Amino acid sequence: MIDGKKVLITGGTGSFGKTVLKRVLDTNFNEVRIFSRDEKKQEELRLQLGDDRIKFYIGDVRDLSSIESAMQGMDLVFHAAALKQVPSCEFYPMEAVKTNIIGAENVIQSATRHGVDRCVVLSTDKAVQPVNAMGMSKALMEKIMISTSKSSAEKGTILCATRYGNVMASRGSVIPLFIKQIMSNKPVTITDPKMTRFLMSVEESVDLVFHAFKNAQPGDIFVQKSPACTIGDLADAVIDLIKPNHPKQIIGTRHGEKAFETLISREELLRSGDMEKFYRIKSDSRDLNYNKYFSDGSTKLAEFTDYSSDNTKRLSIEEVKKTLMGLPIISDTLQQIKN
């Protein structure tokens, strides 16, 4: 799938982008282009890898001309560049619009113009029934992808998306915060111990992207089945592993937070296919001819419930600890304590 291909990764210096790059490096790829705004991170990555097949492009998805330069000659596109922090998007919603909506539109249109084979855009559970600006902007990104996929497929470009829950230990996630608080001898701050969140490793999120590349039809959204835990149990698991009996402090929910996250709505489940580890949400094939749907609708909606962190498999504290032990940030911290 990647052998002999030229691959563009937007947001390529982020945690997800670097994990995608690592996976691509295990293939016989032709060229990888890393597209991002951060020249320092690009320089660090360039010196670390030392591979002439990896090219670095400084630019911003908000700037179409900078994307056009990087897109030429590409076969596959991973679009990971985004504003991902819920609080910052709440306070600066137009910045979320510019990056997550307009930026994604720029990438999608450029990929179609340049005839790339496949373009995967990365979405989030917060796009389902969104209550915050980050989720709303990602939901509109999905709608843009779906609407464009119909015409782009005619030009030879397949557009699709992956939607995933919290990626453990990624930038802005709560696990690094808990560890930092413990190591600084400060109380672990918990918003609401009863909140539930999906648990997914960054490697699993990349598995989902490669699954999408291999199986996507135009406009598909792919979701990985994931377990969940409460925020309280997650905090207890991190504390038990690093410093048992460390104090905790409940601070209340932040701007735009949900009690639980939803990966697939019941309406989407009506048109979803079960692929063992994954769900495939097929593109809505309806058109503007609304009249026929008054006589030919679906009576099955009441049979479905949303697929959420509140009704998926719930991990115990011991199961969460076992999951956390697979994270480099946990093993590195334990080694630091040991030394």
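**Entry 1: a charge over a ring**

I began with R23, whose charged end sits over the ring of F210, 5.6 Å from the ring centre. I note early that this is a predicted model, and I read every distance below with that in mind. I then looked for a second arrangement of this kind and found R53, which lies over the face of F29 at 4.0 Å from the ring centre.

**Entry 2: the rings around F210**

Since F210 had come up, I turned to aromatic pairs, and a search of the whole structure gave five of them. One of these joins F78 and F210, with 5.8 Å from centre to centre and 45° between the planes, and it is classed as tilted. I asked myself which parts of the chain this pair links. F78 belongs to strand β4 (residues 76-79) and F210 to helix α8 (residues 202-215), so the partners are distant parts of the chain, 132 residues apart, by the DSSP assignment of helices and strands. I also wrote down that F78 and F210 form one aromatic cluster together with F213.

Are F78 and F210 buried or exposed? I took under 20% relative accessible area as the cut-off for buried. F78 has 0% relative accessibility and therefore counts as buried, and F210 is buried as well, because its relative accessible area is 12%.

**Entry 3: strand β4 and its two partners**

I next followed β4 itself, and found that both of its faces are covered, with L76 and F78 on one side, V77 and H79 on the other, and all of these residues buried. This fits a rule I had to remind myself of, that in a regular strand the side chains alternate between the two faces of the sheet.

What does β4 pair with? On one hand, β1 and β4 pair in the parallel sense over four bridges, and here I9 stands opposite F78. On the other hand, four bridges join β4 to strand β5 (residues 118-124), and these two strands also run parallel. Along β5, I found R118 opposite L76 and C119 opposite V77.

**Entry 4: the whole sheet**

I then stepped back to see where β4 belongs, and listed nine strands in an open sheet, in the order β3-β2-β1-β4-β5-β6-β9-β14-β13, with mixed pairing. Which strands lie at the edges? They are β3 (54-58) and β13 (272-275), each of which pairs on one side only. From one strand to the next, the twist averages 20°.

Helix α3 (residues 64-71) packs on this sheet, where it touches β1 (6-10), β2 (31-36), β3 and β4, and its direction makes about 170° with that of β2.

**Entry 5: the two ends of helix α2**

At the start of helix α2 (residues 39-49), I looked at D38, and saw that one of its side-chain oxygens reaches to within 3.1 Å of the backbone nitrogen of K40. Just after α2 comes G50, which takes a positive phi of about 55°.

**Entry 6: three buried polar residues**

I returned to α8 for H211, which is found in that helix. With 14% relative accessibility, H211 counts as buried. What does H211 touch beyond its neighbours within four places in sequence? The contacts I found are F222, M275 and F278.

The next residue, N132, has its place in the loop between β5 and α6 (133-154), and at 3% relative accessibility N132 counts as buried. Leaving aside neighbours within four places in sequence, N132 is in contact with V86, E90, K126 and G256. I also checked N132 against E204, which is 72 residues away along the chain, and their C-alpha atoms are separated by 25 Å.

Last, I looked up S308, which is found in strand β15 (residues 307-308) and counts as buried, at 3% relative accessibility. A polar atom of the S308 side chain lies 3.1 Å from the backbone nitrogen of D310. Not counting residues up to four places away in sequence, S308 touches F198, F260, E261, T262 and L263.

Note on methods. Residues numbered from 1 in each chain as written. Predicted model: local features only at pLDDT ≥ 70, side-chain atom pairs only at ≥ 80, totals over all residues. Heavy atoms only, no water. Polar contact = N/O pair within 3.5 Å; in protein donor to acceptor, adjacent residues only side chain to side chain. Phe/Tyr/Trp six-rings, centres within 6.5 Å; stacked < 30°, edge-to-face > 60°. Buried < 20%, exposed > 50% of the residue type's maximum accessible area, 1.4 Å probe, protein only. Lys NZ or Arg CZ within 6 Å of the ring centre and 35° of its normal. Pairing = 2+ DSSP bridges. Axes fitted to C-alpha atoms, helices over the stretch in contact; angles between N-to-C directions. Contact = heavy atoms within 4.5 Å.
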